[in-house]
Amino acid sequence: MARPATAIALAAALGLALPGLAGCSGGILDPQGPVATQELTILWDSMGIMLAIVIPTILATLGVAWWFRAGNTRARYRPDWEYSGRIEMVVWAIPAMTVLLLGGIGWVSSRDLDPPKPLPADTPPVRVQVVSLDWKWLFIYPDQNIASINHLVVPAGTPVSFQLTSDGVMNSFFVPQLGSQIYTMPGMITRLNLQADRPGRYSGISAQFSGAGFPDMLFTLEALPRDAFDSWVASARAQGEALDAAAYARLTRSSRADRPRTFRSVMPGLFDAVANPGRNPALPQTNPNWPGHDYPPLDGHP
């Protein structure tokens, strides 16, 4: 009776696991850029190294338990045994090799995938400046002199060079299918380089809890062919309001689930002024959402 019950339990566990594996599309297991692809390779390599230890250990544990069962008269009972040099060599050498292999992967990959390191490409990168606000994302295109809220548009097959900061609490910028989550922090600039290999729409999230509006702090990264990206830039320049000091002051007010929209122009030096508060008299003084203040309530909510 035990074997059928075990088979049923395994089938049930597999049935529960399959929907979870099916839901992996669109996440880190479905890379769409060179950085995410390399990170997935590191994940599989690390898992393979660890499974090379875990699986034999599990099998050895089961084998020892089976061999030394009470009914096995061929098993030798040696209560005075206490040391074997060969066994000590094995049990210490294998973990040491594992640590060396995993450490080597970490050392090499941390240099190859250093977020500020430019990606190799034949075309110059598109520059995007990112500001995390409560609870929305502001994307500034300094070379195109436009900006957008909660909608990041980039050309497919072209590297994107990000500069990131926060005008509020610490946050985290993450596009799982492109890789390399990175923090945004007030008063400093972090750098990140990503690329979408093919056109598509990829979900972006905030990976750092930042208050009541955190669940809605989402954005879409849309990778377009180069001509479609140029058309989007021209369309953004022809409509929407200008992102001046007054418009930016309105953006700093805490809000939730902001609709995506664009700004036809951007005040010169806005990103640097946000990253270095107090240096631009045209901008409002310290954002009340800055660290040191309580998390701001949602408008109309306690």
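**Exercise 1. Determine whether the end-to-end distance of helix α2 agrees with the span expected from its number of residues, and locate its kink.**

Solution. In this predicted model, helix α2 covers residues 34-67, which makes 34 residues. At 1.5 Å a residue, the helix should span 50 Å. The C-alpha atoms at its two ends lie 49 Å apart, which agrees with that expectation. The axis nevertheless has a kink of about 30 degrees, and this kink is centred on Leu-51. As for burial, the buried residues of α2 are Val-35, Ala-36, Leu-40, Ser-46 and Ile-49, and what covers them includes α3 (85-112) and β8 (190-194).

**Exercise 2. Describe how strand β2 is covered, and how it pairs with β1 and with β3.**

Solution. Begin with burial: strand β2 comprises residues 136-141, and 6 of its 6 residues are buried. Next, sort the side chains by direction: Lys-136, Leu-138 and Ile-140 point one way, whereas Trp-137, Phe-139 and Tyr-141 point the other way, and all are buried.

Then turn to the partners of β2. Strand β1 (residues 126-133) pairs with β2 in the antiparallel sense over 5 bridges, with Gln-129 standing opposite Ile-140, and the two strands form a hairpin with 2 residues between them. Strand β3 (residues 146-149) also pairs with β2 in the antiparallel sense, over 4 bridges, and here Phe-139 stands opposite Ser-148. The hairpin of β2 and β3 has 4 residues between the strands, and in it Asn-145 takes a positive phi near 60 degrees.

**Exercise 3. For the salt bridges of Arg-127 with Asp-143, Arg-226 with Asp-230, and Arg-261 with Asp-258, state the N to O distance and the exposure of each partner.**

Solution. Side chains of opposite charge can pair when their charged atoms come close. The structure holds 6 salt bridges, including the three treated here.

- Arg-127 and Asp-143 meet at 2.8 Å, N to O. This pair links distant parts of the chain, since Arg-127 belongs to strand β1 and Asp-143 to the loop between β2 and β3, 16 residues apart. Arg-127 is partly exposed at 36% relative accessibility, and Asp-143 is partly exposed at 47%.
- Arg-226 and Asp-230 have their closest N and O atoms 3.6 Å apart. Because they are 4 residues apart in helix α4 (residues 226-237), about one helical turn separates them. Arg-226 is partly exposed at 41%, as is Asp-230 at 39%.
- Arg-261 and Asp-258 meet at 3.9 Å, N to O. Arg-261, at 22%, counts as partly exposed, whereas Asp-258, at 15%, is buried, because buried means under 20% relative accessible area.

Technical notes. Residues are numbered from 1 along each chain as its sequence is written. This is a predicted model: local features need pLDDT of at least 70, side-chain atom pairs count only at pLDDT 80 or more; totals for chains, interfaces and linings use all residues. Side-chain values use heavy atoms; hydrogens and water are left out. The expected span of a helix is 1.5 Å times one less than its number of residues. The bend at a residue is the angle between axes fitted to the seven residues ending there and the seven starting there. Buried means under 20% relative accessible area, exposed over 50%, partly exposed in between (1.4 Å probe, protein chains only). Contact means heavy atoms within 4.5 Å. Two strands pair if DSSP finds at least two bridges between them. A salt bridge is a side-chain nitrogen of Lys or Arg within 4 Å of a carboxyl oxygen of Asp or Glu.
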